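This briefing is meant to be read with the sequence and the model side by side. Please keep both open while going through the points below.

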Amino acid sequence: MAQITPMMKQYLEIKAQHQDAFLFFRLGDFYELFFEDAKLAAQELEITLTGRGQGEDRIPMCGVPYHSADQYMSRLIEKGYKIALCEQVEDPKEAKGVVKREVVKMLTPGTMMNGNVIKEKENNYLVALTAFEDQSFGLARTDLTTGECAATLIGDALEDVIHDIASSGTKELVVASDLDETTLKRIIEKCPVTVSYEDKVELDQDYMNLCEDLQSEKLKMSFARLLQYLIRTQKRSLNHLQRVTYYHFDSFMKMDTHTKRNLELTESLREKKKAGSLLAIVDQTVTSMGGRLVKNWLERPLIDQSGIEERLKIVTSFLEFYFEREELRDELRHVYDLERLAGRIAYGSVNARELVQLKRSLEKIPLIKELVGKMVPSLLSKWFHEEDQVFELIELLDRSLVEDPPISVTEGGMIRPGYHEELDTYRDASKNGKQWIAELEQKERQETGIRTLKIGFNKVFGYYIEVTRANTHLLHEGRYERKQTLTNAERYITPELKEKEALILEAEEKMEQLEYDLFVSVREEAKQFLPFIQTLAHSISEIDVLAGFATVSEQRHYVKPTFSKKRDIAIVDGRHPVVETVIEKGQYVANDVHMTKGREMLLITGPNMAGKSTYMRQLALLAVMAQIGCYVPATSCELPIFDQVFTRIGAADDLASGQSTFMVEMLETRYALTKATQNSLILLDEIGRGTSTYDGMALAQAIIEYIHDTVRAKTLFSTHYHELTQLDKELADLQNVHVSAVEENGTVVFLHKVIDGQADRSYGIYVAELAELPSQVTERAETLLKQFEEGTQAQWTNQAQHPPFSEQQLTLFAAEEEAKVEKSVSDTLTGQEEKVLKKLVKKDVLHMTPIEAIQFINELQRLLK
Ligand SMILES: Nc1ncnc2c1ncn2[C@@H]1O[C@H](COP(=O)(O)OP(=O)(O)OP(=O)(O)O)[C@@H](O)[C@H]1O
């Protein structure tokens with residue numbers, strides 16, 4: 001670059017400080033982006049890339065208008081980028097040289113307060129990770145939109161850290177710049193979040209009180225990193241942050257990301273949508289706050305029995321009162337998102353309309369409280385205290401704000417008459433002035449005799465008297481000053497009109513300013529109520545979630561689970577909560593699960609598609625539902641409280657990490673074998689199928705033996721290796737079960753019923769037929785199967801004599817196809833036609849050029865002629 005302008009110099013200096021973000025550089029009415037930022041933004045936002053300067057020095061540039069910048073910024077944030085917002089911080093008229101500019105705020109995925117990134121029923125977490133010398137980790141998280149803050153410590157287990165970060169809603173991770181590279185890489189591989197850096201870990205004096213509940217220095221340090229990052233990037237009040245709660249990582253049922261995904265807890269595997277997940281079934285909430293809470297609960301089921309039973313007890317009570325519960329839910333529907341509203345009050349971004357919505361929500365509280373009191377009187381004091389504050393806040397908002405204020409806070413129309421004397425005086429002045437003008441209009445009409453004379457207002461000329469051209473001669477000479485000429489009319493002013501105008505405009509200007517100031521003071525006053533609003537929000541969310549559990553339990557005929565001290569599983573007529581809703585009514589086959597002494601492990605065999613995976617997932621889902629405090633789909637259900645659930649079902653979701661499917665399967669299995677305890681649940685689906693039969697079978701057996709003898713966790717193991725069913729003779733706690741199927745007139749009927757004993761066949765070829773594989777393949781497979789079963793497979797092991805199956809079969813198909821064509825062609829056609837058709841059939845059309853094709857058709861035509 002030959003020469004850079006002073007402004008570019010300023011740009012480059014600021015950009016150097018914000019390498020990892022798009023620098024939105026304010027230039028007048030635009031935010032401009034330069035160099036690589038411009039190229040990437042133009043591509044991501046599909047806007048035109050232009051340039052600044054000439055020739056070789058031309059700098060790539062693109063820009064977005066200031067007034068519509070929000071939508072562009074949100075789109076970048078949604079894609080995981082960060083933005084440094086650089087504003088002009090002095091008045092350009094007063095600037096000497098280049099206008100002073102500063103980054104006033106960072107916009108990042110984890111710190112957004114609004115825009116598309118913020119999903120109504122989802123948290124938006126920013127997580128800070130601190131690695132300590134003793135190999136332990138500290139995690140602190142916050143959702144800025146709600147102010148929720150929490151922290152935990154995790155011993156030397158990166159996997160646990162990853163699972164905690166991966167819990168849904170984490171948008172951004174803050175780490176120290178010297179965090180070990182492999183550690184960071186492993187985290188990012190599993191949870192692709194935006195990474196940011198913060199090295200300062202001293203606790204800011206202003207926010208000390210937030211950490212009062214944190215006992216250890218490590219926890220405080222972890223939270224301090226988060227806080228320092230927020231202070232540095234947000235540069236504004238953070239006083240809606242709530243006290244940091246400590247959560248013990250071990251106080252929840254642990255599930256790794258793979259397990260959560262596989263059980264389709266919060267989204268379906270294929271479509272990655274809520275529909276088809278367990279969440280879609282158990283989330284019957286009617287508020288956004290409730291929606292977020294139920295998702296959180298699903299991510300972290302409880303393991304403390306009293307906590308679970310407290311929730312179940314409430315669900316039971318809600319179930320007993322149908323009408324009250326429905327009325328309660330109707331009331332809850334009118335409750336606004338109090339948590340996020342609290343965030344906006346604290347941030348100073350709340351408008352009058354939202355405050356009125358807050359008031360209307362608060363007005364619902366007394367009735368909600370009364371209904372809750374009828375159903376669960378014992379919880380009233382937990383959920384609703386500080387009742388006075390409800391009324392105080394309602395009173396404040398009612399007294400100060402009109403019923404239907406505008407969204408804008410600068411154009412007046414928000415404050416209720418009678419709230420402020422001075423404002424009322426200005427309003428009167430403005431109103432009287434307008435009245436005076438209306439009267440003047442009448443007077444002028446009479447005096448001049450012009451019936452069409454009118455008084456109007458515009459921003460440029462203020463008030464004016466408008467007279468059509470034809471009538472201007474009727475005006476008194478010298479009294480009216482002409483201001484504007486229109487096609488058919490003239491506009492005039494008079495000294496007395498201008499005098500009144502000054503009074504009216506002054507009153508209006510003062511009124512708007514005063515209204516704004518008054519509104520800000522109401523908003524400030526509302527800030528005093530923040531802790532109360534936040535607590536209330538939490539109670540409302542809990543009530544909403546639990547009333548929703550009662551609703552779904554009633555609609556779908558769930559039962560209350562009980563918990564076994566002996567670690568027994570006794571489920572009668574259990575159903576898969578999601579599958580039962582998608583198959584035809586009455587078609588779902590309920591299944592029992594009995595796992596007690598002597599049958600701690602079930603080895604499941606049965607045809608493909610019979611329902612093995614459904615049965616396995618069903619058990620895990622019932623456990624999760626029970627431990628979040630919901631009833632479960634069964635006739636009766638006794639379960640242990642599981643500390644962890646491990647699944648190895650399906651594969652191919654880790655291809656991005658560059659590992660083979662089989663390797664991933666083994667890694668996940670290792671994780672289960674090393675982490676599971678006697679109180680865990682392990683689901684292993686066809687382990688070993690990713691390698692050769694003997695390897696696979698050997699591994700499967702060894703894994704079963706290891707779990708049986710050493711881990712002793714409750715385990716479901718499905719397999720197609722029927723040889724493994726012999727293991728029940730040696731392993732005292734292993735029981736064979738199978739999903740039954742019957743053959744009727746050559747077709748297989750899947751009964752989906754799981755019963756004790758082993759399956760005799762897999763019916764894989766039958767499923768292949770259902771999938772309409774070419775009949776040559778399935779017929780050949782039948783023959784091979786017979787040979788295998790007759791013990792003649794040995795000859796197939798010699799690869800040298802037999803080409804690989806696919807190759808041999810393909811040549812076979814090709815020859816057969818050709819013979820068929822030749823035969824059918826020769827049956828009906830003349831010699832020449834036959835020749836043409838044969839030529840056509842043999843030609844490799846897909847590899848011809850257009851010219852070759854034309855020549856070829858020409859030749860065929862010639863033959864026929
Ligand atoms: N208990 C049941 N009642 C009714 N239908 C069921 C039941 N269980 C499973 N199904 C149906 O059968 C389909 C296949 O079930 P699933 O995937 O569990 O079979 P699988 O035995 O694991 O098959 P594979 O061995 O091929 O993986 C399900 O999508 C569902 O539609």
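In strand β4, Gly63 is the bridge partner of Glu32, and this pair belongs to the antiparallel pairing of β2 (residues 30–34) with β4 (residues 59–65), which extends over five bridges. The model is a predicted one, and the points that follow take up its sheets, its helices, the surroundings of the ligand and some residues with positive phi.

**The six-stranded sheet**

- The pairing of β2 with β4 is part of an open sheet of six strands, whose order is β3-β4-β2-β1-β5-β6 and whose pairing is mixed.
- The edges of this sheet are held by β3 (50–52) and β6 (101–107), and because each has a single partner strand, one side of each is left without a neighbour in the sheet.
- From one strand to the next, the twist in this sheet averages 35°.

**The seven-stranded sheet**

- A further open sheet, also with mixed pairing, has seven strands in the order β13-β23-β24-β25-β21-β26-β27.
- Here β13 (254–255) and β27 are the edge strands, and since each pairs with a single partner strand, one side of each has no neighbour in the sheet.
- Helix α20 packs on this sheet, where it touches β21 (601–605), β23, β24, β25 (714–718), β26 and β27, and its direction makes about 160° with that of β24.
- Strands β23 (residues 644–648) and β24 (residues 681–685) are paired in the parallel sense over four bridges, with Val645 opposite Leu681 and Arg648 opposite Leu684.
- Strand β24 also pairs with β25 in the parallel sense, over five bridges, and in this pairing Leu683 stands opposite Leu716.
- Five of the five residues of β24 are buried: Leu681, Leu683 and Asp685 point one way from the strand, whereas Ile682 and Leu684 point the other way.
- Strands β26 (residues 734–744) and β27 (residues 747–756) run antiparallel and are joined by seven bridges, and the bridge partner of Val742 in β27 is Val749.
- The hairpin of β26 and β27 has two residues between the strands, and Asn745 in this hairpin takes a positive phi near 45°.

**The surroundings of the ligand**

- The ligand is surrounded by 15 residues, of which Asn608, Gly611, Lys612, Ser613 and Thr614 are the closest.
- Among the residues of this shell, six are nonpolar, eight are polar and one is charged.
- Helix α20 (residues 612–628) gives the most to the shell, contributing three residues, and this helix is also the one that packs on the seven-stranded sheet.

**Helices α12 and α17**

- Helix α12 (residues 338–347) is mostly covered, with nine of its 10 residues buried, and the buried residues include the charged side chains Glu339, Arg340 and Arg344 as well as Leu338, Leu341 and Ile345.
- The cover over the buried residues of α12 includes α9 (288–299), α13 (352–375), α17 (495–527) and α18 (530–555).
- After α12 comes Gly348, which has a positive phi near 75°.
- The 33 residues of α17 should span 48 Å at 1.5 Å a residue, and the end C-alpha atoms of this helix are 48 Å apart, so the expected span and the model agree.
- The residues buried in α17 are Leu497, Ile504, Met511, Glu515, Phe519, Val522, Arg523 and Ala526, and they pack against α12, α13, α15 (387–400), α16 (421–448), β15 (462–468) and β17 (489–493).
- As general background to such a pattern, an α-helix has 3.6 residues a turn, so residues three or four places apart point the same way.

**Positive phi in the loop between α7 and α8**

- Most residues other than glycine have a negative phi.
- Glu264, although not a glycine, has a positive phi of about 55°, and this residue lies in the loop between α7 (257–262) and α8 (278–282).
- Glu264 counts as partly exposed because 19 C-beta neighbours lie inside 10 Å, where 20 or more would make a residue buried.
- Lys272 is found in the loop between α7 and α8 and likewise has a positive phi of about 55° without being a glycine.
- Lys272 counts as exposed, because it has 11 C-beta neighbours inside 10 Å and the limit for exposed is 12 or fewer.

Definitions and conventions. Residues numbered from 1 in each chain as written. Predicted model: local features only at pLDDT ≥ 70, side-chain atom pairs only at ≥ 80, totals over all residues. Pairing = 2+ DSSP bridges. Near = placed C-beta within 6 Å. Contact = placed C-beta atoms within 7 Å. Expected span 1.5 Å × (residues − 1). Axes fitted to C-alpha atoms, helices over the stretch in contact; angles between N-to-C directions.
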